[in-house]
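Hi,

Here is the structure I promised to pass on to you. Have a look at it first, and then read on for what turned up in it.

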Amino acid sequence: MSDDLILHHYFTSPFSEKVRILLGIKGLSWRSVIQPTIMPKPDLTPLTGGYRRIPVMQIGADVFCDSAVIMAEIERRYPLPRVIHGADWAVNLWADRLFFQPTVGIIFGAIGHTVPAEFIKDREAMSGGRPFDVAAMKAAAEPLKGQFRGMASWLERQLADGPAWIAGDAPGLTDIAWYMNFWFFRSALKADMATLLEDLPHITAWRERVAALGAASTRLDMSTAEAIATARAAEPATADHIVHDAKDPIGLPPGAAVHVVADDYGRDPIAGVLVSANAERIVIARDDPRIGTVNVHFPRVGFTATPA
Ligand SMILES: N[C@@H](CCC(=O)N[C@@H](CS)C(=O)NCC(=O)O)C(=O)O
């Protein structure tokens with residue numbers, strides 16, 4: 001059906017795990033489309049206009065790039081139970097960037113030498129040519145463990161005398177955001193994480209509570225061909241939340257040809273026609289010969305748009 005939630009992801013992706021936990025908290029059914037972990041992604045980039053990161057969500061002919069706008073859209077469509085409160089986004093951004101950096105460094109410091117050459121080449125290209133320097137990552141791993149443990153101890157202190165969830169009596173976006181890093185660390189280096197956090201028992205109990213939330217969604221597999229056919233058969237949705245804000249500093253009117261670019265990595269420009277920009281999103285329309293017209297949504301924070 002054209003309002004099915006279609007998640008383009010792969011199971012080892014930590015940013016996808018955030019979305020999978022949210023789907024569990026909401027008790028939703030979703031379609032799972034598995035995409036490659038490196039380029040090329042011939043059945044993803046026609047939908048996104050070149051955006052290659054994972055996860056991507058698709059609902060009919062609307063395509064959502066980046067876990068932030070994916071989670072915002074799920075919350076908008078399925079407001080109950082409420083998971084997201086405005087200021088949670090600040091914790092989410094911190095967890096995606098400042099907390100994620102030590103997590104990635106610890107993991108690749110330990111397993112970098114086992115990573116296939118084509119993966120290294122792909123990730124160097126994605127980061128604008130920055131070398132994937134296994135020796136440097138190995139040297140940095142121990143100091144980064146100190147950073148990870150220091151941040152984890154903030155959470156431990158809160159959980160020790162607080163309620164079951166970070167923001168109170170119900171799970172919220174802050175739980176999802178923090179959890180992603182523990183999930184990724186543990187999925188790669190279970191024993192190392194247990195050693196690093198063995199005296200932080202509240203985190204272990206909380207992590208198990210969050211993990212259990214993911215099981216409450218219903219996953220149905222879908223092929224990439226079916227996902228493309230679904231987009232081709234649908235028209236982009238129109239809704240109030242994508243109304244253009246004339247005060248947006250983007251300074252361009254709807255209909256302007258633009259390039260949208262992430263401000264961190266994976267900075268391939270995505271060309272399209274501006275549908276709207278507002279404090280929450282940038283939405284562009286694009287045409288693809290295999291798919292027809294799609295609207296592609298990006299979070300406002302973390303992306304820029306410039307005249308094409
Ligand atoms: N800010 C993005 C980051 C997404 C991201 O970095 N995803 C990783 C996988 S978890 C990725 O795309 N890696 C490269 C790839 O899969 O091709 C988001 O929140 O979705």
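Around the ligand there are 16 residues, and those that come nearest are Y10, K41, I54, S67 and Y265. Keep in mind that this is a predicted model. Two of these residues also have side chains with polar atoms close to ligand oxygens: in K41, a side-chain N or O atom is 2.5 Å from an oxygen atom of the ligand, and in S67 a polar side-chain atom lies 2.6 Å from a ligand oxygen. The side chain of R52 has an N or O atom 2.7 Å from an oxygen atom of the ligand. How much of the ligand does the protein bury? On its own the ligand exposes 500 Å², and the protein buries 94% of that. Two elements, α1 and α5 (117–126), give two or more residues each to the shell around the ligand.

Now for the nonpolar cores. In general, nonpolar side chains of soluble globular proteins tend to be buried together. The largest core here has 51 residues, and F148, F182, L197, I203 and W206 have the most contacts inside it. Several elements supply at least two residues each, among them α1 (14–26), β3 (56–59) and α9 (201–213). The largest share, 10 residues, comes from α7. Where does this core lie? Domain 1 (6–81 + 219–307) and domain 2 (88–215) both contribute residues, so this core lies between them.

Try zooming in on I203: leaving out residues up to four places away in sequence, I203 touches A152, L155, E156, L159, F182 and L197. A second, separate core has 29 residues, including L47, A234, F298 and A305.

Enjoy exploring!

Note on methods
Residues numbered from 1 in each chain as written. Predicted model: local features only at pLDDT ≥ 70, side-chain atom pairs only at ≥ 80, totals over all residues. Heavy atoms only, no water. Core = buried A, V, L, I, M, F, W, Y, C linked by side-chain atoms within 4.5 Å. Buried < 20%, exposed > 50% of the residue type's maximum accessible area, 1.4 Å probe, protein only. Helix = DSSP H or I, 4+ residues; strand = E, 2+ residues; numbered from the N terminus. Domains from an automatic or database assignment. Contact = heavy atoms within 4.5 Å. Near = heavy atom within 4 Å. Polar contact = N/O pair within 3.5 Å; in protein donor to acceptor, adjacent residues only side chain to side chain. Areas by Shrake-Rupley, 256 points an atom, 1.4 Å probe, with all protein chains shown as cover.
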